[in-house]
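These are my notebook entries on what I looked up, beginning with a metal site and moving on to a bound ligand.

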Amino acid sequence: MTNSKNLNFRNRFTELGPEFYQAKAPDPVTDPYMVDYSPSAAQLIDLPPGEEENKGFLDRFSGNCPLEGSQPLAMAYSGHQFGSYNPRLGDGRGLLLGEVQNQKQEMWDIHLKGAGPTRFARGFDGRATLQSSIREHLASEALHGLGIPTTRSLAIIGIRELIYRQKPELAAILVRIADSHIRFGSFEFFHYTGQPKNVKKLLEFSIQNYYPDIAQESDRYRIFFQRTIQCTAKLIAKWQSVGFIHGVMNTDNMCITGTTFDYGPYGFMDRFVASHTPNHSDMHGRYAYSQQSDIGFWNLNKLAETLVPLVSAECLGEEMKQYQPTFNRFYREEMGDKLGLAILDSEFTQLVQKMFHLLQDQQLDYTNFFRFLADYPDSSNPVSNINGNDELRSWLNQYLELTQREGISHEERKVEMDSANPKFILRNHLIKSAIDKALKESDFSEIKRLRIILENPYQTQPEIFEKYGIDAEHYAQDTPEPFLSQQTSCSA
Ligand code: AMP
Ligand code: MG
């Protein structure tokens, strides 16, 4: 039986050599306590439900007691932040404990966020607030529930220390599980510090560990880049589909495996506004919803620049030309699934374009609109006053015409659409209520409740909801007015 004492650590990253990291153990903490544990994430490393109740678990994952077999390290990286290169980044408060091999022979990175300052900390305290840890924990598990590649969150461990941001705040450690912690910025670090041999070393390492099927190919570097383009385009198409806005798509927050990485001031679209950015510091909307696909392209270009000596600018340029069509194809498929339509012709394109115009114009809730549509025309719960709205009525008629070309019944369409359109997303007011209860009353039940709902966001599961006292309609309702299009600051 696996437990936190006998995890099968492999520590591949340490083999890259000391230029790639600072070896450092997590700093000990005062009186760690469990805030929330995700049994679903725990399965990835074969940890059973209930493992979090062992005293040893808290001590091992908070830094008070070494994890047998792990070799903790802070990774070196740099990156472009808001369009400008920042040479001084690196894991200032994060530690890779190592890679754990599970019973299925999969490898998972175990990482602590908020484990004390490292040599990359630049004078910051190396800690994370409880609030930001709750935000990352819930979003990680929510995106996973939505079927979107993401880092996972095994647990939030609270620590009884105050840290200072704008005001004193409670601190916590997030235990993150990921397929990789190699960022576009990891390559940039070696490129901009004039270490081409280490760019190559990192590239070989990445191919060997993430794409072993191409390890013997003579053009494996090019194929690696091709795959990075593919998985990045696919990821962003999925974000667009569910209305997820990352908020800080700096190149140090872009993982080479196309995994949603580093949650800060993210948000989910509620009332549809294409130009919305949830990041309070993003004055010009660089990372707004409507910009995410272009920023993916921009970031891939920055990665490409680091590979020029190994692949040639011409080849990389050729590959980059595939980004937009690849994104468009994935996005189109996502939109087809959302609308319950398989015929993706020019009429479909027109319908989608008009839909976005209407969503914005009529100020409709992006998520609930599609659930309404799945019921339409039977819906007793119109999203808006359809009878009073000619444009919406005519769009719905056009939509029904297109559904009739598909040759499936309304019931079949509804089943398909409900499995592509979530009923529950992580709305700002729901996060706030979970954070408020945690911070003001040390009551973590709302975090757990939200995590459970969001594990399965496409369905209401009456038995589970009853067990945890969950009123499905409360969690699915449109975001209340004061919380619409809310922004969060980077330090929150
Ligand atoms: P993030 O905004 O968490 O992606 O972090 C951006 C950079 O700042 C990374 O290099 C982090 O490791 C570093 N950083 C952020 N917060 C802290 C902190 N409290 N202590 C040390 N380094 C930090
Ligand atoms: Mg980051």
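I began with N253, which counts as buried because its relative accessibility is 8%, the cut-off for that class being under 20%. I kept in mind throughout that this is a predicted model.

I then looked up what N253 does with its side chain, and found its OD1 listed as a protein donor of the magnesium ion (ligand 2), together with an OD atom of D262, the two lying 1.9 to 2.2 Å from the ion. D262 is likewise buried, because its relative accessible area is 13% and the class takes values under 20%.

Next I turned to ligand 1 and noted that the space it takes is the largest pocket. I counted 15 residues surrounding ligand 1, with G90, G92, R93, R122 and G126 the closest, and by class this shell has 7 charged, 4 polar and 4 nonpolar residues.

For the polar contacts, I noted that an oxygen atom of ligand 1 lies 2.7 Å from a backbone N or O atom of G92, and that an oxygen atom of ligand 1 is 2.9 Å from a side-chain N or O atom of R93. On the nitrogen side, I found a polar backbone atom of R127 at 3.1 Å from a nitrogen atom of ligand 1. I closed with the area: ligand 1 taken alone exposes 480 Å², of which the protein buries 80%.

Notes
Residues are numbered from 1 along each chain as its sequence is written. Chains are lettered from A and ligands numbered from 1 in the order in which they are written. This is a predicted model: local features need pLDDT of at least 70, side-chain atom pairs count only at pLDDT 80 or more; totals for chains, interfaces and linings use all residues. Side-chain values use heavy atoms; hydrogens and water are left out. A residue is near a molecule or strand if one of its heavy atoms lies within 4 Å of it. A polar contact is a pair of N or O atoms within 3.5 Å; within protein, one must be able to donate a hydrogen and the other to accept it, and residues adjacent in sequence count only if both atoms are side-chain atoms. Accessible areas come from the Shrake-Rupley method with a 1.4 Å probe; for residues, only the protein chains shown count as cover. On a 1 Å grid over the protein atoms alone, a cavity is a set of points where a 1.4 Å probe fits but cannot get out, and a pocket is an open set with protein on both sides within 12 Å along at least five of seven lines; lining residues have an atom within 4 Å of a point. A molecule sits in a cavity or pocket if more than half of its atoms lie within 2 Å of its grid points. Ala, Val, Leu, Ile, Met, Phe, Trp, Tyr, Cys and Pro count as nonpolar, Asp, Glu, Lys and Arg as charged, and the others, Gly among them, as polar. Donors are N, O and S atoms within 2.8 Å of the metal (3.2 Å for Na, K and Ca); water is not among the atoms, so sites may look incomplete. Buried means under 20% relative accessible area, exposed over 50%, partly exposed in between (1.4 Å probe, protein chains only).
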